[in-house]
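Here are some notes on the inside of this one, meant to be read with the model open. I'll start with a small void and work outwards from there.

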Amino acid sequence: LWYDWSRESGWQLQGVMRAEHWSLPGPGQQLAPLRSASLQVLAEGQSSGEIQGQFTDFTGSWNGASFRVTGGRFRIPGSRKQVLLSLKELDLQSVVRGLSRPIAGQRAVGDTAEFAPSGAQLPEALLSALETLRPAGELRNLHMSVPLRRESLKDFRLAAQLRDVGFSAWNAVPAVRHIDGFLSMSLDRGFIELDGSSLELAFPRIFSHDLPFQGLTGRVHWRLGDDLRVSSALLRGWGDFGLASADFSLDIPLRERESRMPLLSLRLGVEGADTALVERYTPHLLPANLRGWLTDSIRGGKIAHGGLVYHGSVRRGEAHKRSLQLFAEVRNGVLRFHPDWPELSQLDGALVLADTALSAQIRRGAMFGSKLRRFEVALQPGSDFYLLRCAGDVSGPARDLIALLDDTSLLSAGSALSLI
């Protein structure tokens, strides 16, 4: 280390700093210490008491995970209330591993540097969330304001660009992968601004498959207190399901023995989707026989526009505490509502699902050579079965009626009309 000092201009320090054990204290307990830490540093202290500098090649291990920070800048105002830190990039996995609960029996030793933040330990709720969400990816062009006093920890601030960031699902919080965008946060709240890149959303309590989006834009907020609230503004993008827009809000109680249920509200709209994707994106919350009917009966067509609305509990075993509605405006659709009945084709109409009751309002269509008008198909749930009801106007040649009676189960004793 090289050190230079003058009464007029202050001091300057330059060189390589190494520490085999660098303690990081937190209120009530120690964080895992840095080990085998090394960095090249250039710092200067001004007569006003302000300290500023830059560093490169900061390496070491934290809680068993290796880390490397290529470079950054720091500034400590003369008030000594906070450290202002800027980094080129930071690996999220290394940070989360370091912030995890200290390994049993591990104890930090030695004195802490004069300006090491004494309020580094995270609130229990946030610590638990981080350990379960397991964030991964990179923060770039990161700027932090880190309080140096325990009582000022609430003033922590962070802003950064996100590069290929992902989170695991947790207590119905949707899993997200491949986020690019902008992050702004404190310890108890924040937001992510999505920049239009591709990403995947997963609502494991609703859909069996991920929802892959491209060009997704919008903002997602969160707030942490006695409960966790995650919500979004209108999100827009596209995927294999066509153009899409969505918004959601999620409230999860965090206190133990909390009687309130976790509550999810989700609205999802699509345009230009192919009905071939019905099986992939049918909510698995629906009864198995209803899911089977949807995937087996809808044989083709385009969804000009459609939507899904979910509201209620996301806890297992609480189907009576949630509602699910689905709407689809279908063009040139093909429907086979029963294996023993002929297909309805060239359908234009609306498909509506209200919890477990489903109906199709068909404005026009065809069966054999006959034309359908104002035709309705309804599937009503019974105790252990579904009742299918069809009604509407059909116009066409008499042979279509004979074919219908011949080919379906309407006649239980052979082709009674075949002699006509």
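1. Start with the second largest cavity: its lining is made up of L201, F203, L211, F213, L235, A246, F248, L266 and L268. Strands β12, β15 (242–253) and β16 are the elements that give two or more residues to that lining. Keep in mind that this is a predicted model.

2. How much space lies in the second largest cavity? About 60 Å³. By class, its lining comes out as 9 nonpolar residues, with no polar and no charged ones.

3. F203, one of the lining residues just listed, deserves a click of its own. Setting aside neighbours within four places in sequence, F203 is in contact with P174, L211, F248, L264 and L266. Of these partners, L211, F248 and L266 are also named in the lining of the second largest cavity.

4. F203 turns up again in the largest nonpolar core, which has 94 residues. Together with L344, F203 has the most contacts inside that core. Which strand gives the most to this core? That would be β3 (residues 29–45), with 6 residues.

5. Now the other void. The count of cavities of 30 Å³ or more comes to 2, and the largest cavity holds about 610 Å³ of space. I'd look at V278, I303, L326, A328 and L351, which lie nearest its centre among the 38 lining residues.

6. The walls of the largest cavity draw on quite a list of elements. At least two lining residues each come from β12 (211–224), β16 (263–274), α3 (278–281), α4 (288–297), β17 (298–313), β18 (322–335), β19 (344–354) and β20 (357–367). The top contributor is β18, with 7 residues. Note that β12 and β16 also appear among the elements lining the second largest cavity.

7. What classes of residue make up the lining of the largest cavity? It divides into 28 nonpolar, 8 polar and 2 charged residues. For the second largest cavity, the polar and charged classes are empty.

8. Helix α4, one of the elements in the wall of the largest cavity, has L290, W293, L294 and S297 as its buried residues. These four are on the same side of α4, because they cover an arc of only 95° around the axis. The spacing fits the general pattern: an α-helix has 3.6 residues a turn, so residues three or four places apart point the same way.

9. S297, found in helix α4, is worth a second look. Is S297 buried or exposed? Its relative accessible area is 3%, and since buried means under 20%, S297 counts as buried. Beyond its neighbours within four places in sequence, S297 is in contact with V334, L335, R336 and F337. S297 and E343 are 46 residues apart in sequence, but their C-alpha atoms are 8.8 Å apart in space.

10. Last, an open site. The second largest pocket has a volume of about 270 Å³. It has 17 lining residues, and W341, M367, F375, V394 and L404 lie nearest its centre. Two or more lining residues come from each of β21 (370–381), β22 (386–395) and α5 (398–407), and β22 has the largest share with 7 residues. By class, the lining of this pocket has 11 nonpolar, 4 polar and 2 charged residues.

Definitions and conventions
Residues numbered from 1 in each chain as written. Predicted model: local features only at pLDDT ≥ 70, side-chain atom pairs only at ≥ 80, totals over all residues. Heavy atoms only, no water. Core = buried A, V, L, I, M, F, W, Y, C linked by side-chain atoms within 4.5 Å. Buried < 20%, exposed > 50% of the residue type's maximum accessible area, 1.4 Å probe, protein only. Contact = heavy atoms within 4.5 Å. 1 Å grid on protein atoms, 1.4 Å probe; cavity = no way out; pocket = protein on both sides within 12 Å on 5 of 7 lines; lining within 4 Å. Points joined across faces, edges and corners; volume = space filled by probe spheres on them. Nonpolar A, V, L, I, M, F, W, Y, C, P; charged D, E, K, R; others polar. Arc of directions from axis to C-beta.
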